[in-house]
Amino acid sequence: MASETAAARPARRVGWGQRLSRWDIKVSPYLYISPFFILFAIFGAFPLLFNVVVAMHEWHRRAGMGEFVGLDNFVWVLRQPLFWRSLENTFSIFLWGGVPQLVLSLLIAAVLDQNLRARTFWRMSVLIPFVVMPVATAMIFGQVFGQFGLLVPNLQDLGLLTHTDSPFFQDRLLSHIAIGSMVTFRWTGYNALILLAAMQAVPRELYEAATVDGASRVRQFFSVTIPSIRATLIFVVLTMTIGGLQVFDEARMYDGGGTGGGRGGADNQWTTVVLYLYDLGFGDWQDRLGQAAAVGWIFAFVIGIFSVINFLITRSISSSSTAPVRVSRARRKATIARLRDAAAEPGAMPDDAHDDAHDDAHDGVPGSDGAADLDLTKGAKR
Amino acid sequence: MRINRQFGAAAATCAVAALTLTACGNGGGGGGGESAGEASEDNKPAELSVAAWMDFPQELLDEFEEEHGIEIVVNSFADGASAQTVLRNGLSADGAGLSDVHLVELDWWTEMMAVPEDWVELPEVPDRWVDWKVSQGSVDGMITGYGTDIGPLGIAFNQDMTTQAGLATDPESFGELIGGEDATWQSFLDAGREYVAVNDNYFIDSLTNAFQAAINLLPAAFEDPESGRPYDLAENTEVKDLFLMFAQAAEDDISAGIAIGHNDWGAGFQNRQWATVVTPAWMTGIIADNADGIEGWRIASTFPEGGGNWGGSFFAVPATGENTEWAVRLADHLTSADAAVAWFNTTGQFPSQLEAMSSPEIAEAENEFYGGQTVGQIYGDLAAAAGDSAAGGFRGENFAGIQTLVTDGIRLVESGSATPEQAWESVVADFDALGFETAN
């Protein structure tokens, strides 16, 4: 009966409900993920592209779009000594904030990776500085580096400073170090947790093997940990580069500098590029949105180049130290086998194959016996 | 191929959705722009908003609410700069996010009034304010702001510190020290040199305020009143001479180089780092807070070059508001003489209203922190002595910016990183790099 009816119908008609469900399968996934793309289009892509238009025009806050000026805004920016000065400042602050940050977060992560008591407490507590508002951080550190703050009077007592004012607000290099310290304070814990997550994924056998081989903790850190977390390290360095070059809050709030925040010191000692951009476009008097947009593009370009350089450096550093790991990996197999035998021996099941494997491993002839090991475990599991 | 088509469809869906959303966003921005008519029962709103950054005397708001049955919402900002940013963005965005009435500070008044059509013309109120306050609050002869406070300049000094230095024991002798009746900036700075010669601490917190006050008294400091264009700074001898005079004093270390707003400013008072501060009326309260517990601060009634004015605000009504008629009435209410007295009692702001200025409530109020001095009386006298010149000279669009540039030069010398001549050269170079079309 059923087959007869089917044959009587020349073409199969698709019901509405079925069509809907087919659309459901085809279209719904796109709708489900669309909020991100819609939001990205409005708040990400559109401003980004529109910025090109702004950068090519004379543009003021109230009057809006003016004449088309082509690349004039870019030329204008590149001719500003203050732009180059702010670029120098930014890189200097990045170095003073980035290098200690990386070293410290690696150290902290390594410590947290050990078997600590109250582990979660320590892990959470390193994240606390990150939760503090950057503006609050800047204001607190501004007090610390102030003339009557924690640091300066003590340095004076030690005879390291003679002038009564605070050099941290006057000397260019010292102001960079001070701002760098705020960046370090804020981001170290955050990076440490990311690195810690990577370290946790490093197989423990590697450390066991290294311990058996007599490598010290320090040696293990450099020869096992660092090469193993290479990918994460590159990620951290890249995000740190991008974030570190965008320093704004810290520099703006550093000296208080008047009710609305400072412009980076009387001599623009610590004016960063983003602070300069803000001042051009949205600051108290310049009202040059077109030029500010141009700064944004130039700076995006600079960050891009710098990130690539950083990526290459990071990659070469950690890949050069992967060589010893390979050696230790070969040794590892031997060690694992040895350890397993040692563990199995009290079980008192001496058979020939077992002894053979043991001897082979000792003779340093891996290969067939590795496969045999694998078979053995499989058999055990079954 | 199939995948591509599907992807294309999805992308199109996204684009359409994005466009719809954007269109919706635009829809809300319309309206406004009509001129203010009469306030009547018909167009009475349920509430009015006012944006400002200081405390409001509660009785002032209650009065208006009781009389008209309109609730007043105060949008309070932490400081003038935040209020400025919100106003600036709101004006650029066709009034989005603006309140019905806005407080506008003199320092950024020119910027906000660059497009007069953004603001409602306010009806004239005869004999309420000192003349120059009215002309400051007008654009092209049209009143756009009702004056609130003014900032007559005085000098706060610590008489314990000057006594210790053997130079001045009370406000009168301090006035003599800085040059008496005929005090000039030169005599003021020389008094500073005398002070630091016998002391470990500094004469003044920072020379930038004093320098700004001096600049403000020039009839046209940085810009040509005719064309509005900046003068070529390198050729501007008037400013250069003033600059070098103050920079010289900065090089002689008479100032600590820490101005109001700097992180170290409050601590400087507590550590008795300086003996004087150039103090507009509104700053007296701020000093009292920061120097809490430090004895001996007094206000001198002598000011170099006769006096001056720093700051002071206006209430103005953005034209895009929906209730401009009633907003005008609120602005009027908030700038009455009674309001000015109430404000003086709440925050210590010195009024620009004639009636309030002569009110005994202001003139006879004794200030505990300043040793029982009648601060209102002193500033009233200082304002009178300054006269119309207190309104300051011509301020074009770039006045505030160039002023910052030049005062930064003074800070450079104060921090010991440049000689006066080097600082001036650096200021001129910074100015030239901006590439203004200059007036001469």
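Biologist: At roughly what angle do the axes of H4(A) and H9(A) cross?
Modeller: Roughly 40 degrees, and the axes come within 5 Å (lines fitted to C-alpha atoms over the stretch in contact, angles 0 to 180 degrees between N-to-C directions). This is a predicted model: local features need pLDDT of at least 70, side-chain atom pairs count only at pLDDT 80 or more, and totals for chains, interfaces and linings use all residues. Residues are numbered from 1 along each chain as its sequence is written, chains are lettered from A and ligands numbered from 1 in written order, and side-chain values use heavy atoms, without hydrogens or water.

Biologist: Is the crossing of H4(A) and H9(A) left-handed or right-handed?
Modeller: Right-handed (near helix turned clockwise from the far one by less than a right angle). The H4(A)–H9(A) contact has 18 nonpolar, 10 polar and three charged residues (Asp, Glu, Lys and Arg are charged; Ala, Val, Leu, Ile, Met, Phe, Trp, Tyr, Cys and Pro nonpolar; the others, Gly among them, polar).

Biologist: And H4(A) with H12(A), what angle there?
Modeller: H4(A), residues 81-112, crosses H12(A), residues 230-245, at roughly 145 degrees, with axes coming within 10 Å. The H4(A)–H12(A) crossing is right-handed.

Biologist: Which residues of H4(A) and H12(A) meet?
Modeller: On H4(A), Thr90(A), Phe91(A), Phe94(A), Gly98(A), Gln101(A), Leu102(A) and Leu106(A) (contact: heavy atoms within 4.5 Å). On H12(A), the partners include Leu233(A), Val236(A), Met240(A) and Gly244(A). This contact has nine nonpolar, five polar and no charged residues.

Biologist: New topic. How much space lies in the second largest pocket?
Modeller: About 1000 Å³. A pocket is an open set of 1 Å grid points over the protein atoms alone, with protein on both sides within 12 Å along at least five of seven lines; lining residues have an atom within 4 Å of a point. Volume is the space filled by probe spheres on points joined across faces, edges and corners.

Biologist: Which residues are closest to the centre of the second largest pocket?
Modeller: Leu106(A), Met199(A), Phe221(A), Thr225(A) and Ile226(A), out of 36 lining residues. Leu106(A) is also in the H4(A)–H12(A) contact.

Biologist: Where does the largest share of that pocket's lining come from?
Modeller: H4(A), with 10 residues. H9(A), H11(A) and H15(A) are among the helices that each supply at least two. The lining has 20 nonpolar, 11 polar and five charged residues.

Biologist: How many cavities of 30 Å³ or more?
Modeller: Four (points where a 1.4 Å probe fits but cannot get out). The largest has about 70 Å³. Its lining includes Asp149(B), Trp343(B) and Phe350(B), and H14(B) gives the largest share, three residues.

Biologist: How many helices and strands has chain B?
Modeller: 19 helices and 13 strands (DSSP runs numbered from the N terminus: H or I, at least four residues; E, at least two). Its C-alpha atoms fill a box of roughly 85 × 65 × 45 Å along the principal axes.
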